[in-house]
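Hello,

Here is the structure I promised to pass on to you. Have a look at it first, and then read on for what turned up.

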Amino acid sequence: MNRKKYITSLVTGALAVSVLLSGCKGGSEETATKENKKNVENISKTGMPIVKEKIELDGFAAKFFSSQDWDKLMLWQEYEKMTNIHINWETVSTDALAEKRNLMLASGEYPDLLFAAALPKTDLIKYGQQGVFLPLNDLIDKYAPNLKKIMEENPLVKQGITMADGNIYGFPTYYDPNFKGLTMGTPWIQSEWLKKLGLEEPKTWDELYTVLKKFKEGDPNGNGKADEIPVGSAYGINPIINWLKGSVGLNNHGTSNGHIDLDPKTEKLRFQPTSEEYKQLLTYVNKLYTEGLIDKEVFSTDSEKFNVVAQEGIVGVLPDIDPKVWLNLDGYVGTPVIEGPNGDRINTAIGSPLGNVGMFVLTDKNKNPEATVRWIDHFYGDEGIKMFFMGFEGVTYTEKDGEFQYTDEITKNPDGLNLDQAISKYLTWPGGYYPGVVKEKYFQGAEGSDGSLANAEKAEPLTLKQSDIWPNFNFTVDESSELATLSTDINTYVTEMTAGFITGKTSMKEWDNYVKTLEKMNLDRYMEIYEAAYKRYKK
């Protein structure tokens, strides 16, 4: 009897607790629904301010200049006045971003939003499926007309930001495809050296070799020393390889997916580093390197040290941004697109106009997602883009006949600050970490220079079409996890062997063994994962 009574009391108690918890849960959900309704009603459907009653959000952001105080920055102070939204900023330097961001997310101590966070796609889908990052599909549809318009005008954007589970978790950086100086230039060649040596601009591998050989041996800088570096790069060998890939038909869908493009013979995905075309390319680059026509330090380049050397006017070809703006060097023009031994001649060193897709995310702690989406969407429209990159009329820029120019304080700073340093007293864009749109009209960096635009126009007829460029493919959580392990081993080995083949430390006779080694590293599985992502992209 006592045992039966004990069991009965347990059941009764459990039911009571269940009812109590059910009541609490219902009350909690009801409160949350009322709070959300109140927050939505607080939003202005269009225009400014975004909210009628002021709200505060906690934000985490990466910044290029550690000296910046975002709470006192003119951009955010003025935008708060416009929107009625105050952000309590916690910032970290871009150098420390990945570590700080990863620790924050792993600990669960994260804010309402992450700005300029440069989240990789693996983290977007991982934390998205865990519920840490909010899905944005419906929010974009209702509250982000500017980004929605971009997605409709360029389907590649929607494809690129939609993860494998069908959800969008981040706002991207987007480079306007019409900004040609940003997307389609070629490396720069010293035209004064060509004139002095009586040479034409090179258009084929053989002509390029002849020009570089003359640069090395003909004293084109006229100082009586054999100090010329025919080809140099502040960023290692990869810009040089990418420059020449189009001359053997590689990167035929752009550079966004690394070593992956489409084999024109089979119409299947191709792993470029095991192709005969890549072998041809490495054989040619080996010839240039071993004859001293490529900077000997290219595999251990320190960009700052290289820039100091380049400013001496001793480098013939620079595969970087306009040397006039970058290094204050005159005489450089865009190289012609180079033709390779098989008749291929196309500029394929072109990335997707879609940059990092995890530049801005909302977390599950955000109680005002609708207002936050309206807040960020402003930077995808013309007025927001202008404010973000140009700042404020009469303070950071002037306007005349629809043309925008920075003030003398920015371009001729009395304290000796360069443009990035001067503008960073007001704005956040220097350093390249931001969600939003980069347009030629409002971007005053080197890519918008007259030289860059002339370079792009020269290359455009032989440049990969935007419609042929792939964005980064999207992978499932399981695919991402497996691919991360495979990629680390495969890419490390490819990098090591590429350097070995180019420098001559590894003989081209080892090519077949190199390919077999990659196959043993489960290259087939690596390609299967990419094939699955490619099929989703095509759909």
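Before the cavities, a word on residue classes: Ala, Val, Leu, Ile, Met, Phe, Trp, Tyr, Cys and Pro count as nonpolar, Asp, Glu, Lys and Arg as charged, and the others, Gly among them, as polar. Please keep in mind that this is a predicted model, in which local features need pLDDT of at least 70 and side-chain atom pairs count only at pLDDT 80 or more, while totals for chains, interfaces and linings use all residues. Residues are numbered from 1 along each chain as its sequence is written, and side-chain values use heavy atoms, with hydrogens and water left out.

Now the cavities. A cavity here is a set of points on a 1 Å grid over the protein atoms alone where a 1.4 Å probe fits but cannot get out, and its lining residues have an atom within 4 Å of a point. Grid points are joined across faces, edges and corners, and the volume is the space filled by probe spheres set on the points. Two cavities of 30 Å³ or more come out of this.

The largest cavity holds about 50 Å³ of space. Around this cavity sit T186, W243, S247, V337, I338, I346 and N347. Its lining has four nonpolar residues, three polar ones and no charged ones.

The second largest cavity has a volume of about 30 Å³, and its lining consists of F379, I385, F388, F389, Y434, P435, G436 and V437. Seven of these residues are nonpolar, one is polar and none is charged. Helix 16 (382–390) and strand 14 (436–438) each supply at least two lining residues, with helix 16 giving the largest share, three residues. (Helices, H or I with at least four residues, and strands, E with at least two, are DSSP runs numbered from the N terminus.)

Two residues may be worth a look on your screen. H378 is in the loop between helix 15 (369–377) and helix 16. Is H378 buried or exposed? H378 counts as buried because its relative accessibility is 16%; buried means under 20% relative accessible area, exposed over 50% and partly exposed in between, using a 1.4 Å probe and protein chains only. Not counting residues up to four places away in sequence, H378 touches M48, Y79, M82, N146, E383, G384, I385 and M387, where contact means heavy atoms within 4.5 Å.

N455 belongs to helix 19 (residues 450–459) and is also buried, with a relative accessible area of 3%. Leaving aside neighbours within four places in sequence, N455 is in contact with G185, T186, P187, W188 and G334. T186 also appears in the lining of the largest cavity.

Finally, the sheets, where two strands pair if DSSP finds at least two bridges between them. One open sheet has four strands in the order 2-1-3-11, with mixed pairing. Its edge strands, each pairing on one side only, are strand 2 (85–93) and strand 11 (360–362). Strand 1 (residues 55–63) runs parallel to strand 2, joined by nine bridges, and G59 has W89 as its bridge partner in strand 2.

Another open sheet of four strands follows the order 6-9-5-10, and its pairing is mixed. Strand 6 (229–231) and strand 10 (332–334) are the edges here. Strand 5 (residues 188–190) pairs with strand 10 in the antiparallel sense over three bridges, and I189 stands opposite V333 in strand 10.

Best wishes

Note on methods: 1 Å grid on protein atoms, 1.4 Å probe; cavity = no way out; pocket = protein on both sides within 12 Å on 5 of 7 lines; lining within 4 Å.
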